[in-house]
Structures are given as C-alpha cells and as structure tokens.
Amino acid sequence: MQPRRVAVLGGGPGGLYAARLLKLAYPACEVQVHEQGEPDKTFGFGVGLAAGTQRNLEAADPDTLRDLVATGVRHDMTMRVRGRGVRVRNDHLIGVARTDLLAVLQRHAEKAGVRLEFGVRRAAAGLDADLVVAADGVSSATREAGSFGARIETGDGLFLWCGADFPLPDAVFTPVETEYGTFVAHAYPYSGGRSTFLIETDERTWRNAGFDATTAELEGEGVPPGASDEKSLRYLEKIFAGQLRGHGLIGNRTRWQRFRTVRCDRWAQGNVVLLGDAAHTAHFSVGSGTKLAMEDAIGLVAALRESPDPATAFARYEETRRPSVERLQELARRSRLWWESFPSRLGLPVERLMVAYMSRAGNVSLDRFAGTSPDAVATALRQYGGAPPDGDLVQWVLDRPLTHGNRSFPDRVSVPELEPLYVDLRNPWSPEADALIAGVRGGVLVTGPADRPAVLTRLDLAERIRLETGALTAVEAPRALSGDLAAGLVSGRTDLVQLTEEQV
Ligand SMILES: Cc1cc2nc3c(=O)[nH]c(=O)nc-3n(C[C@H](O)[C@H](O)[C@H](O)COP(=O)(O)OP(=O)(O)OC[C@H]3O[C@@H](n4cnc5c(N)ncnc54)[C@H](O)[C@@H]3O)c2cc1C
C-alpha cells in the first residue's frame with residue numbers, strides 16, 4: 001500500500017525509528033512525529049542493545065545502527081554477593097545513553113525527511129492522517145481510550161531507575177543486605193562516562209525503610225512532576241557506596257515503581273496501530289523494551305509494504321511480531337519472578353548463583369553458558385560435585401552423588417519413595433503455591449504436566465520447597481528435558497530428578 005500521510009504519536013525509540021523507516025520506504029509520504037517532551041530531555045539513563053537486536057537493525061537500516069554502535073559501550077558482567085564476585089565475558093551487549101539513542105534517531109528521522117514536533121501533547125483521535133502509529137509508551141493514552149483488549153499485570157517488587165556520573169567497569173548485579181531487608185542493584189555503564197543503577201527491592205523492605213512514605217510524599221500536592229525521591233537516593237547511595245566509589249546517585253524523575261507488563265488482545269483499531277511499550281512491555285531484567293519497540297517498527301513497515309490496505313497490513317504486522325513478543329514476555333515474566341525472589345538464594349556460592357541467573361528463564365542452557373564462560377561454569381560445577389568432565393556435562397551433573405542430612409544417594413536420578421506433589425500452576429510464588437508448600441511435611445516428589453514450561457515452573461517451586469522447608473526435593477520430568485534438570489540441579493532448584501519417558 002502507499003500511505004499519503006502518517007502521524008506517529010510519541011518520539012521514543014519505537015516512534016522515531018518507525019517514522020524514519022516509513023519515510024525511507026515511502027519518500028512521497030508525509031511523516032510527522034508528535035512528541036510531548038522536548039528534544040533533549042528524556043527520562044531514564046542507559047539502555048542495553050544486544051547483538052541479535054544490532055543484527056536486526058543492521059539489516060533494516062545500517063546507517064542508524066552504525067551511529068548507535070558508535071555511541072555505545074561494550075561491557076562484561078559481574079555478580080558480586082557477600083564479598084565474592086564472578087565475572088563473565090559479554091560480547092554481545094552495548095549500553096547506550098537514552099539521550100544519545102534518541103538524538104541519533106531524531107537526526108536520522110529528520111535526515112530522511114520526517115517532520116518532528118516537540119512540546120505538545122496530542123491525542124491519536126485528533127491527528128489528521130491516513131495511518132496513526134501510536135508509540136506513546138507504557139502509559140499510552142491511545143491504548144486506554146481504544147478497545148485493544150489491554151491487560152496489565154503489576155509486579156510485586158519495587159524498582160527505582162537512577163544513574164551515576166562515572167562508568168562502571170562492568171555490568172554489575174549485587175545485593176546489599178540491610179537492617180530493613182535486601183536491595184539489589186542491576187547497574188551497567190553506558191556512553192558519556194555514566195552508569196545506570198536500577199535498584200530493586202521487595203515490598204516489606206521498602207516499607208521497613210520508610211520508602212512507602214517518601215513515595216506517597218512525591219504523589220502529594222505541590223510536588224513538581226520531575227521531582228525525584230531524594231531520600232531514597234541518599235540512603236541507597238550509602239548502602240551502595242562500595243559500588244559507587246565515592247560518587248553519588250543521580251535522579252531524573254526517579255521514584256519507586258512496580259513494573260507493569262502490558263499485553264493487548266489486538267494491536268490495531270481502524271487506522272490506529274500500537275507499537276512498542278504502548279502494545280506490550282517486558283520486564284527490565286531482560287533488557288528488551290527498546291529492542292521490541294524498534295523491531296516492531298521494522299515489522300510494521302515491512303507489513304505495510306507487503307499489503308494492499310491498512311487492515312491487511314496491521315493483521316500481518318501482528319501475525320509476524322506477536323510470536324517473538326510473547327516469547328520474550330514469557331521469558332521476562334520468569335525473569336521478573338526470579339529477581340523478585342533473588343534474596344532467598346544468597347546462600348548459594350556466587351558462581352552457582354550465576355548459573356542460576358543465566359538459566360532463570362530457560363533461555364540459556366548449561367552447555368551454552370559453559371561454551372561462553374568456561375571458567376565460571378567450571379567453578380560452579382566444582383562447587384556442585386567435584387572436578388567437571390571434558391565430555392557430557394548434563395550426564396555428569398545427573399551422575400553426581402548427594403548427601404542430604406544423614407541420607408546418601410549414588411546419583412541425582414535414584415529417587416527414593418517420596419510423597420508426590422502434583423503441581424500445575426503459572427506462578428510458583430503465588431498464594432496458591434504458598435498453600436502447596438505449607439502442606440509439605442517430609443521429602444517430596446514434585447510432579448505435573450510434561451511440557452517444558454510446566455517443568456521449569458516445577459523446578460522453581462521445588463527450589464522454594466528446598467529453601468523454605470529443608471525437605472529433600474525431587475522433580476519429575478521427561479528425559480528429553482535433562483538439560484533443564486541439570487541446570488536446575490547446579491542452580492540449587494532441586495536435590496534429585498526423576499526421569500520419565502514421556503513426550504514433551
Ligand atoms: C527501569 C527500566 C529499565 C529499562 N531498561 C531497558 C534496557 O536496558 N534496554 C531496553 O531495551 N529497554 C529498557 N527499558 C525499556 C525501554 O525504556 C522502553 O521499553 C522503550 O523506551 C520503549 O520505547 P517506546 O518508543 O515504545 O516508548 P517510550 O520510550 O516510552 O516513548 C514514548 C514517547 O511517547 C511520548 N508521548 C506519550 N504520550 C504522548 C502524547 N499524548 N503526545 C505526544 N507524545 C507522547 C512520551 O513523551 C515518550 O517520549 C527499561 C525500562 C524501564 C522502566
């Protein structure tokens with residue numbers, strides 16, 4: 001199809017990139033971006049762009065990618081827990097300042113002939129265009145006003161996004177245990193000699209520290225909309241002083257928030273199509289919001305080019321983008337639950353914790369992680385069961401003996417008679433799961449459906465049982481999922497595994 005006039009609502013990464021790609025695809029089309037903010041002012045600090053994303057952007061628009069990569073910084077990754085650290089190489093991630101990212105995208109959009117309007121808040125319904133691309137972010141007024149079948153799931157944990165004016169040498173994950181509870185930093189360097197600090201905690205710790213009160217104060221009357229939670233920042237600065245090396249934390253509309261996962265049954269209505277955070281979000285711990293928004297832009301423009309009319313194009317856009325969006329949202333959901341329960345795992349040696357982190361959503365297998373970070377994995381395996389082999393890692397993990405209390409087992413697959421516990425739930429940290437765990441009396445064999453998502457959830461529930469009750473725990477699963485079970489054993493999610501010959 002050949003649109004004549006397209007309006008893009010929102011000048012974030014999704015909107016700006018869609019506008020440029022549209023203008024490149026349809027030079028005769030008028031493309032206008034409407035952004036309520038000013039060009040050089042944005043919330044937030046740095047965002048990560050992974051190698052896969054860079055490849056996709058390269059294929060769609062090499063010029064923009066080149067300039068983005070030039071502003072980004074590559075970094076390795078360190079996890080530091082109770083004074084011990086483990087470092088792994090990370091070749092496929094760069095950190096880019098959100099300001100630089102937007103500056104590059106604005107420049108390239110203008111270069112292609114897109115018109116940019118700043119400083120005015122607009123409504124999709126009031127825009128005069130054949131097509132309206134609503135890239136108006138997680139709080140999208142377009143989504144709220146329309147009938148897109150939106151569902152919003154709010155996380156239990158609280159997080160706050162701030163920065164520091166020095167570059168960390170690596171991305172760092174580190175918890176600090178305080179009198180109130182545990183705060184966890186996810187921090188990484190980005191361009192301009194700065195670092196992002198994303199700090200996460202649980203509701204109880206947040207209340208104990210009095211941050212429910214500082215959050216309420218910021219919602220009160222007379223507080224400027226751009227104000228940050230300075231009391232929290234000053235406290236966090238003290239407890240993360242080791243990481244901050246004498247630097248302070250910088251706020252920019254920094255407040256405690258709960259992550260909102262947005263899902264929509266439909267992404268288009270009439271001539272309006274949702275894109276990026278307006279249509280879907282994925283928890284920050286998988287660092288993919290910008291990626292999804294920019295890949296949506298690529299998918300939307302490709303669909304428009306291949307279709308005779310907007311309805312067909314929007315259907316095609318949704319058909320091609322939805323599977324990868326939903327796959328990532330599912331990974332992000334598991335990742336969010338893992339981080340929200342992170343303090344319960346601090347007793348694990350940091351190398352095993354790193355394996356647990358990498359395998360938290362079922363996305364990175366033990367073999368793959370051993371391929372990229374052999375030293376860290378070898379140490380984790382030694383902690384788990386002695387000198388690791390050169391050969392089949394998974395089988396070796398399953399073959400290790402276990403001593404549990406006064407009982408010994410020759411390997412991890414010789415499961416004694418245990419009380420079966422049938423589990424078929426989505427969230428192993430839900431009240432329903434709490435009730436199951438409350439009923440555990442002695443050793444338990446956690447069973448359930450044979451599909452992989454159910455097995456991953458069983459492993460998470462088994463971990464809670466081990467940690468909260470100390471009971472000997474075995475997980476039943478098809479042999480075909482031995483890789484997940486091996487990662488689960490090394491990560492301390494279960495003591496034993498019972499293999500079945502079921503089809504996955
Ligand atoms: C704590 C945190 C950490 C994150 N870390 C990462 C990360 O490491 N990597 C990553 O890829 N992503 C990360 N993200 C997510 C990322 O910031 C977003 O997913 C991404 O910015 C989405 O892009 P977007 O264009 O869809 O929306 P946005 O970037 O939110 O842009 C929407 C724009 O629309 C404008 N707007 C809204 N309404 C109107 C209106 N009515 N009129 C005019 N303009 C309007 C807004 O001002 C805004 O500029 C993180 C998010 C959070 C909250």
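# A guided tour of the predicted model

Select V446 and V475: V475, in β22, is the bridge partner of V446. You are looking at a predicted model, and this pair is the way in.

**Stop 1: the parallel sheet**

Widen the selection to strand β21, residues 444–447, and strand β22, residues 473–478. They pair in the parallel sense, over 3 bridges. Now add helix α17, residues 452–469. It packs on the sheet and touches β20, β21 and β22. Compare its direction with that of β22: the angle is about 175°. Next, show helix α18, residues 482–490. This helix also packs on the sheet, touching β22 and β23. The direction of α18 makes about 175° with that of β23.

Show the whole sheet. It is open, has 4 strands and follows the order β20-β21-β22-β23, with parallel pairing. Why is one side of β20 and of β23 left without a neighbour in the sheet? β20 (419–422) and β23 (496–500) stand at the edges, and each has a single partner strand, so one side stays free of a sheet neighbour. Turn the view along the sheet to follow its twist, which averages 25° from one strand to the next.

**Stop 2: helix α18**

Stay with α18 and colour by burial. The helix is mostly covered, with 8 of its 9 residues buried. The buried ones are S482, D484, L485, A486, A487, G488, L489 and V490. Step just past the end of α18 to G492, where phi is positive, at about 75°.

**Stop 3: strand β9 and its partners**

Select strand β9, residues 131–134. L131 and V133 point one way, V132 and A134 the other. In a regular strand, side chains alternate between the two faces of the sheet. Are these four β9 residues, L131, V132, V133 and A134, buried or exposed? All are buried.

Add strand β1, residues 5–9: it runs parallel to β9, joined by 4 bridges. Then add strand β17, residues 272–274, which is joined to β9 by 3 bridges and also runs parallel to it. Centre on V133. V8 stands opposite V133, and V133 stands opposite V273 in β17.

**Stop 4: an antiparallel pair**

Move to strand β10, residues 150–154, and β15. They run antiparallel and share 5 bridges. Pick out E153, whose bridge partner in β15 is T261. Strand β15 itself spans residues 260–264 and is mostly covered: 4 of its 5 residues are buried.

**Stop 5: the three-stranded sheet**

Select β3, β7 and β4. In that order they form an open, antiparallel sheet. The edges are β3 (46–50) and β4 (73–74), each pairing on one side only. Strand β7 covers residues 93–97 and is joined to β4 by 2 bridges. Find R74, which stands opposite I94 in β7. Now show helix α2, residues 51–60. This helix lies across β3 and β7, at about 80° to β3.

**Stop 6: D100**

Go to helix α4, residues 98–112, and select D100 within it. Is D100 buried, partly exposed or exposed? D100 counts as partly exposed because its relative accessibility is 26%. Setting aside neighbours within four places in sequence, D100 is in contact with T71 and S191. Zoom in on S191: its side chain makes a polar contact with the side chain of D100, at 2.9 Å. Then pick the C-alpha atoms of D100 and G46. These residues are 54 apart along the chain, and the two atoms are separated by 9.0 Å.

**Stop 7: the ligand**

Select the ligand and the residues around it. There are 31, and E35, R98, R122, D277 and T290 come nearest. Which residue has a side-chain N or O atom 2.8 Å from an oxygen atom of the ligand? R98 does. D277 also has a polar side-chain atom 2.8 Å from an oxygen atom of the ligand. For a backbone case, select Q36: one of its polar backbone atoms is 3.0 Å from a nitrogen atom of the ligand.

**Stop 8: two helices**

Finish with helix α7, residues 211–219, and helix α8, residues 230–239. They pack at an angle of about 145°, and their axes are 9 Å apart. Show the side chains where they meet: F211, T214 and E217 from α7, and K231, S232 and Y235 from α8. By class, this contact has 2 nonpolar, 2 polar and 2 charged residues.

How values were computed. Residues numbered from 1 in each chain as written. Predicted model: local features only at pLDDT ≥ 70, side-chain atom pairs only at ≥ 80, totals over all residues. Heavy atoms only, no water. Axes fitted to C-alpha atoms, helices over the stretch in contact; angles between N-to-C directions. Contact = heavy atoms within 4.5 Å. Nonpolar A, V, L, I, M, F, W, Y, C, P; charged D, E, K, R; others polar. Buried < 20%, exposed > 50% of the residue type's maximum accessible area, 1.4 Å probe, protein only. Pairing = 2+ DSSP bridges. Near = heavy atom within 4 Å. Polar contact = N/O pair within 3.5 Å; in protein donor to acceptor, adjacent residues only side chain to side chain.
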